[in-house]
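Trainee: I would like a close look at a single part of this model, taken slowly and with its surroundings in view. Could you choose one helix and walk me through it?

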Amino acid sequence: MKKSLDIAKQVFDDVNHPQVAVLHNDLATMQSNMADHHAAQKHVDQAIAIGETSKSGDLPVFYCNACLIY
């Protein structure tokens with residue numbers, strides 16, 4: 001998952017691309033399921049920040065995921 005995030009940043013040449021936010025959210029979900037809540041929180045916060053900047057349609061999903069992690 002981390003590798004896919006790195007690849008997406010390179011492919012889109014933009015760390016604030018909406019798809020990068022989706023991958024941060026996916027990584028947060030996986031880390032939360034593995035009980036690594038500190039790392040999950042960092043990734044979901046990043047997904048939200050990118051989602052707000054890019055006006056992503058997935059922003060509500062990121063917020064719901066954040067609620068589950070917190």
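Mentor: What follows is an account of helix 2 and the residues around it, and then of some positions outside it.

This is a predicted model, so a word on confidence comes before the details. The protein chain has an average pLDDT of 93, and 100% of its residues score at least 70. Within the chain, confidence is highest in helix 3 (residues 37-54), with a mean of 96, and lowest in helix 1 (residues 2-12), where the mean is 87.

Helix 2 covers residues 18-33, and Ala21 is one of its residues. Ala21 is buried, because its relative accessible area is 0%, well within the class that is bounded by a limit of under 20%. If neighbours within four places in sequence are set aside, the contacts of Ala21 are with Ala47, Ile50, Gly51 and Phe62. As a distance to set beside these contacts, the C-alpha atom of Ala21 is separated by 14 Å from that of Lys3, a residue 18 positions away along the chain.

His24 also has its place in helix 2, and with a relative accessible area of 6% this residue is buried. Again leaving out neighbours within four places in sequence, His24 is in contact with Leu5, Lys9, His43, Gln46, Ala47 and Ile50. Ala47 and Ile50 are thus found in the contact list of Ala21 and in that of His24.

Ile50 deserves to be followed from its own side. This residue lies in helix 3 and counts as buried, because its relative accessibility is 1%. Its contacts, apart from neighbours within four places in sequence, are Val15, Asn16, His17, Val20, Ala21 and His24. Although Ile50 and His24 are 26 residues apart in sequence, their C-alpha atoms are 9.4 Å apart in space.

These local contacts can be set against the nonpolar core. In soluble globular proteins, nonpolar side chains tend to be buried together. Here the largest nonpolar core has 17 residues, and those with the most contacts inside it are Leu5, Val20, Ala28, Val44, Ile48, Phe62 and Ile69. Helix 1, helix 2, helix 3 and helix 4 (59-69) each supply at least two residues of this core, and helix 2 gives the most, with six residues. Ala28, one of the residues with the most contacts inside the core, touches Ala40, His43, Val44, Asn65 and Ile69 when residues up to four places away in sequence are not counted.

On the surface, Met1, Met30 and Met34 form a nonpolar patch, and together they have about 300 Å² of accessible area. Met1 belongs to the segment before helix 1 and is partly exposed, with a relative accessible area of 42%.

Two loop residues complete the view. Most residues other than glycine have a negative phi. Asp13, which is not a glycine, has a positive phi of about 50 degrees; Asp13 lies in the loop between helix 1 and helix 2 and counts as exposed, because its relative accessibility is 70%. Lys55 likewise has a positive phi, near 55 degrees, and is a residue other than glycine. Lys55 is found in the loop between helix 3 and helix 4, and at 72% relative accessibility this residue counts as exposed.

Note on methods. Residues are numbered from 1 along each chain as its sequence is written. This is a predicted model: local features need pLDDT of at least 70, side-chain atom pairs count only at pLDDT 80 or more; totals for chains, interfaces and linings use all residues. Side-chain values use heavy atoms; hydrogens and water are left out. Helices (H or I, at least four residues) and strands (E, at least two) are DSSP runs, numbered from the N terminus. Buried means under 20% relative accessible area, exposed over 50%, partly exposed in between (1.4 Å probe, protein chains only). Contact means heavy atoms within 4.5 Å. pLDDT is the predictor's confidence in each residue, from 0 to 100. Patches are made of residues with over 30% relative accessible area and no salt bridge: like charges are joined within 9 Å, nonpolar side chains (Val, Leu, Ile, Met, Phe, Trp, Tyr) within 5 Å. Accessible areas come from the Shrake-Rupley method with a 1.4 Å probe; for residues, only the protein chains shown count as cover. A salt bridge is a side-chain nitrogen of Lys or Arg within 4 Å of a carboxyl oxygen of Asp or Glu. A nonpolar core is a set of buried Ala, Val, Leu, Ile, Met, Phe, Trp, Tyr and Cys residues joined through side-chain atoms within 4.5 Å.
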